[in-house]
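Trainee: Could you take me through a close look at one part of this model, and then connect it with what lies elsewhere in the chain? Please give the cut-off behind each term as you go.

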Amino acid sequence: MERRGFIKSLGAGALAASSLAVGPKAFAAKAEFKWKMVTSWPKNFPVLGTNANYLANNIEQMSGGRIRVKVYGANELVPAFEVFDAVSRGTAQMGHSGAYYWKGKHEASQFFGAIPFGMSGQEVNAWLYYGGGMELWEELYDKFNLVPTATGNTGAQMAGWFRKDINSLADLKGLKMRIPGLGGEVLKRAGGTPVNLSGGELFTSLQSGAIDATEWVGPYNDLAFGFYKVAKNYYYPGWHEPGTTLEAIINKDAFSALPDDLQAIVKQACKSANMDMLAENVAKNNTALDTLVNKHQVQVKRLPDDVLARLHSLSLEVVQEVAERDPFSRKVYESYINFSQRAARWTDISELAYLKARAL
Ligand code: CA
C-alpha cells in the first residue's frame, strides 16, 4: 500500500525514468555496439528463429548491454539466401543461417552444414571443437571477411514429407523434391529432381503440387509449417542431414572492432546457442511427433532398406567428388572423413551399442 501511494505521488516523467532504472533489461553499460543480425528464417520461427533471438539476448545480457543486437527475419532486411553476402559486405554485422546454403560461394562450405550419411550432431561438434573443423571453417570464411561459429544443431532430421509412398527406388524417379545441398545432388543421381526453396515457400509449393516432396527439419519445426495438411507420408531417417550445423556468421571488421572481452562473449554466446538448439530439438520433437501422429493422422514410415543403401552409396560418391573440386575442399574432406571414421569406431560401441541394447 505504501508503495502504491509512493508511485501515485510520482509524476509520469519520474515514473518512466524510475522504471528504466530497474528490471531485467536495465544494463549497467551504455550500448557501445549496435548490431543487426539477419537470418534465413521467418522471424521468431520455432527453434531456428528463436535460436537467433536467444543468441542476441545472450550477447546483450552477457555484455551488460554493451552490445545490442537487433534480429531480422528473412526478407525484413535481406532475403533468406542473401544473408552471407549481407554480412560479408557489412550491411549487417551478424547472420544466422546454414553453411550448406553457400556452396555457390565455395563447395567446401557444405562440410560445415550437412553431409549425407555423415556424422551425427554430437560427432560433428566433436570434430568442430576438438578435431580441427572450426579452424578449417575459419580459414574458409576468412576469404569472405567473415568469422564463422557453429550456432545450433538440429540433430538427426526426418527424410521429409511425401505426397506419395516411397516403396522402391523406382518411386524416386522423377520425384520433384525440395532438398538442398549435397542431399539434393544425391537425389538427382537417384533419378529425382532436387529444388532449393526457402522455408517460407515450402507449404504452398507442396500444396500446389509444384513439388512432390519436401524435407525441412524434424517434427517440431515441420509441425509449425503445417506440412501435414498437404502430405500425410512422413519418412525417416534423415539420411541427408544426420546432424546439421547452423551457423552464426560475423562480419570480420565488426568482430575485430570489439575489445577482447566482448569478442569472447560473442563466441561463447554462439557456443551456448549451439548446445541449446540440440537440446531444444530433442525435447520438442518428441511431443510434436505425438501431435502429428495422434492429432493429425500423419503416417510415419521408414525408407526401405534398398532405397537407403542406394542413397548411401551415391552419397559417398557425391561427397568424394567435392574433394576433387579444389585443394581446400580436399583438405576439409580429408579432415571430415578421417575424423568421422575414428568417431564411428567409438560411437559404434558407445552410443549406438547402447541405443540398440535399449531397444531390445
Ligand atoms: Ca533439412
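Trainee: In which sense do strand 5 (residues 160–162) and strand 8 (residues 213–214) pair, and over how many bridges?

Mentor: Strand 5 and strand 8 pair in the antiparallel sense, over two bridges; strands count as paired if DSSP finds at least two bridges between them, and the elements themselves are DSSP runs numbered from the N terminus (helices being H or I over at least four residues, strands being E over at least two). Please keep in mind that this is a predicted model, in which local features need pLDDT of at least 70 and side-chain atom pairs count only at pLDDT 80 or more, while totals for chains, interfaces and linings use all residues. Residues are numbered from 1 along each chain as its sequence is written, and side-chain values use heavy atoms, with hydrogens and water left out.

Within that pairing, Phe162 stands opposite Ala213 of strand 8. Strands 5 and 8 belong to an open sheet of six strands with mixed pairing, whose order is 7-6-8-5-9-11. Its edges are strand 7 (193–195) and strand 11 (299–302), each of which pairs on one side only.

Two residues that follow strand 8 in the numbering take us to the metal site. The calcium ion has as its protein donors Gln157 (OE1), Glu215 (OE, listed twice), Trp216 (O) and Glu241 (OE), at 2.1 to 2.9 Å from the ion; donors are N, O and S atoms within 2.8 Å of a metal, or 3.2 Å for Na, K and Ca, and a site may look incomplete, as water is not among the atoms. Along the sequence these donor residues follow the spacing Q-x57-E-W-x24-E. Glu215 is buried at 0% relative accessibility, and Trp216 is buried at 3% (buried means under 20% relative accessible area, exposed over 50%, partly exposed in between, with a 1.4 Å probe and protein chains only).

The loop after another strand of this sheet holds a backbone feature to check. Tyr236 and Pro237 are joined by a cis peptide bond with omega at about -5 degrees, and Pro237 lies in the loop between strand 9 (233–236) and strand 10 (245–251). Most peptide bonds are trans, and most residues other than glycine have a negative phi. That second tendency has its own exceptions here: Asn44 has a positive phi of about 65 degrees, and Val47 has one near 70 degrees. Asn44 is in the loop between strand 1 and helix 3, and Val47 lies in that loop too, yet Asn44 is partly exposed at 45% relative accessible area whereas Val47 is buried at 1%.

The strand that leads into that loop is largely enclosed by the rest of the structure, because five of the seven residues of strand 1 (residues 33–39) are buried. Strand 1 pairs in the parallel sense with strand 2 (residues 67–72) over six bridges, where Trp35 stands opposite Val69. With strand 3 the pairing of strand 1 is also parallel, over three bridges, and Met37 has Met94 as its bridge partner. Strand 1, helix 3 (residues 48–62) and strand 2 form a right-handed β-α-β unit; right-handed says that, with the strands pointing away from the viewer, the path from the first strand over the helix to the second runs clockwise.

Charged contacts complete the picture. The whole structure holds 14 salt bridges (a side-chain nitrogen of Lys or Arg within 4 Å of a carboxyl oxygen of Asp or Glu). Lys331 and Glu139 form one at 3.2 Å, N to O, linking helix 13 (residues 327–349) to helix 6 (residues 133–142) across 192 residues. Lys331 is partly exposed at 40% relative accessibility, and Glu139 is partly exposed at 36%. Arg302 forms a salt bridge with Asp305 at 2.6 Å; Arg302 is partly exposed at 44%, whereas Asp305 is exposed at 53%. Finally, Glu185, Arg189, Glu317 and Glu321 are linked in a network of salt bridges.
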